[in-house]
Every structure is written in structure tokens, then in C-alpha cells.
Amino acid sequence: EMIAALSRGKRRTIRGPHDDGRAANPGRVAAAAIPVERFTGEMLVAGGDRDGTWASGEMVRNIAARRAHAGLPTAALVFPNAGHALSGSGWEPTNYPGIDADAAATAAAQGAVRNAMLAMLD
């Protein structure tokens, strides 16, 4: 229904299947996790709490907690009002249809993620 509504030009999030799948299969959530502890280098992860594609803010917090428990360096950036599209320079904010995110917050997050990435690579 969500995908069909988007194709008709309706504003909807598409994270419902992700959220519903997690809720229906709580025992499989841990098994589906990416083993981020295997990478021992510094890691940068970013997400928005208003991500309409999947729960990226929550996922970033989970990744950061797992890596902290393993004693691994992690830069975790979570933006409360930003959406899914956090790549870019911040000059061309992108909000996917159906995302209830603030365009200015998403643009600011894009810039912050870009700056953090450049600082980490420097």
C-alpha cells in the first residue's frame, strides 16, 4: 500500500515494512544485524530520526553502542529533525516523498556529515 501510494503521488513513508518486520520478528533482529564489530578502524555513522525509509537514527545509536561495548572508535551522528538523505554538501537538501523531515535540518545534517567525513579522512 505504501509503495502504491507513492506511485500515485501520495506522501507516505516507506519504512512501514521495515518497522513491521522488526515488530513481527523480534527474535530475528539480532541475527540480521551487520557485524560492525568486525571492522576495527574508526567508523562514521549518521542517521536522521525522521528518516522515512528506515529507522536510521535508532540504527546509528545501536551501532555506536555495540562498537563502544567492543572498545572501537565510532563517530555517531544522529539528527533529530533530519530525514534519510544525509549525503551531499548541504547545498541541495533532498527529502524523499513521504518523509516528515525538516528540509533545513536535513541540509544542515548533510553539511555536518560531510564535514565529519572530511575531518575523519584528514
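**Entry 1: Arg 66 and Glu 37**

I looked up the side chains of Arg 66 and Glu 37 in this predicted model and found that they meet in a salt bridge, at 2.7 Å from N to O. The pair links distant parts of the chain, 29 residues apart. I placed Arg 66 in helix 4, and Glu 37 in the loop between helix 3 (26-32) and strand 1. I then checked accessibility: Arg 66 is partly exposed at 27%, and Glu 37 is partly exposed at 29%.

**Entry 2: Arg 61 and Asp 49**

I noted that the structure holds two salt bridges. Arg 61 forms one with Asp 49, and their closest N and O atoms are 2.8 Å apart. This pair also links distant parts of the chain: Arg 61 is in helix 4, while Asp 49 is in the loop between strand 1 and helix 4, twelve residues apart. Arg 61 has a relative accessible area of 41%, which I entered as partly exposed. Asp 49 is partly exposed as well, with 32%. As a general remark, side chains of opposite charge can pair when their charged atoms come close.

**Entry 3: helix 4**

I took helix 4 next, residues 56-69, with 14 residues in it. From its first C-alpha to its last it reaches 20 Å, close to the 20 Å expected at 1.5 Å a residue.

Which residues of helix 4 are buried? I listed Ser 56, Gly 57, Val 60, Ile 63, Ala 64 and Arg 67. They lie on the same side of helix 4, because they cover an arc of only 125 degrees around the axis. In an α-helix there are 3.6 residues a turn, so residues three or four places apart point the same way.

What do the buried residues pack against? I found strand 1 (43-48) and strand 2 (74-79). Just after helix 4, I noted that Gly 71 takes a positive phi of about 75 degrees.

**Entry 4: the two strands**

I checked how strand 1 and strand 2 pair: the sense is parallel, over six bridges. One lookup gave Ala 76 in strand 2 as the bridge partner of Val 45. Together with helix 4, the two strands make a right-handed β-α-β unit.

**Entry 5: Leu 77**

I ended with Leu 77, which sits in strand 2. Leu 77 is partly exposed, at 23% relative accessible area. Setting aside neighbours within four places in sequence, I found Leu 77 in contact with several residues, including Val 45, Val 60 and Ala 112. Val 113 is also among the contacts of Leu 77. The C-alpha atoms of Leu 77 and Val 113 are separated by 7.6 Å, with their positions 36 residues apart along the chain counted as the separation.

Definitions and conventions: Residues are numbered from 1 along each chain as its sequence is written. This is a predicted model: local features need pLDDT of at least 70, side-chain atom pairs count only at pLDDT 80 or more; totals for chains, interfaces and linings use all residues. Side-chain values use heavy atoms; hydrogens and water are left out. Helices (H or I, at least four residues) and strands (E, at least two) are DSSP runs, numbered from the N terminus. The expected span of a helix is 1.5 Å times one less than its number of residues. Buried means under 20% relative accessible area, exposed over 50%, partly exposed in between (1.4 Å probe, protein chains only). The arc is that of the directions from the helix axis to the C-beta atoms. Contact means heavy atoms within 4.5 Å. Two strands pair if DSSP finds at least two bridges between them. A crossover is right-handed if, with the strands pointing away from the viewer, the path from the first strand over the helix to the second runs clockwise. A salt bridge is a side-chain nitrogen of Lys or Arg within 4 Å of a carboxyl oxygen of Asp or Glu.
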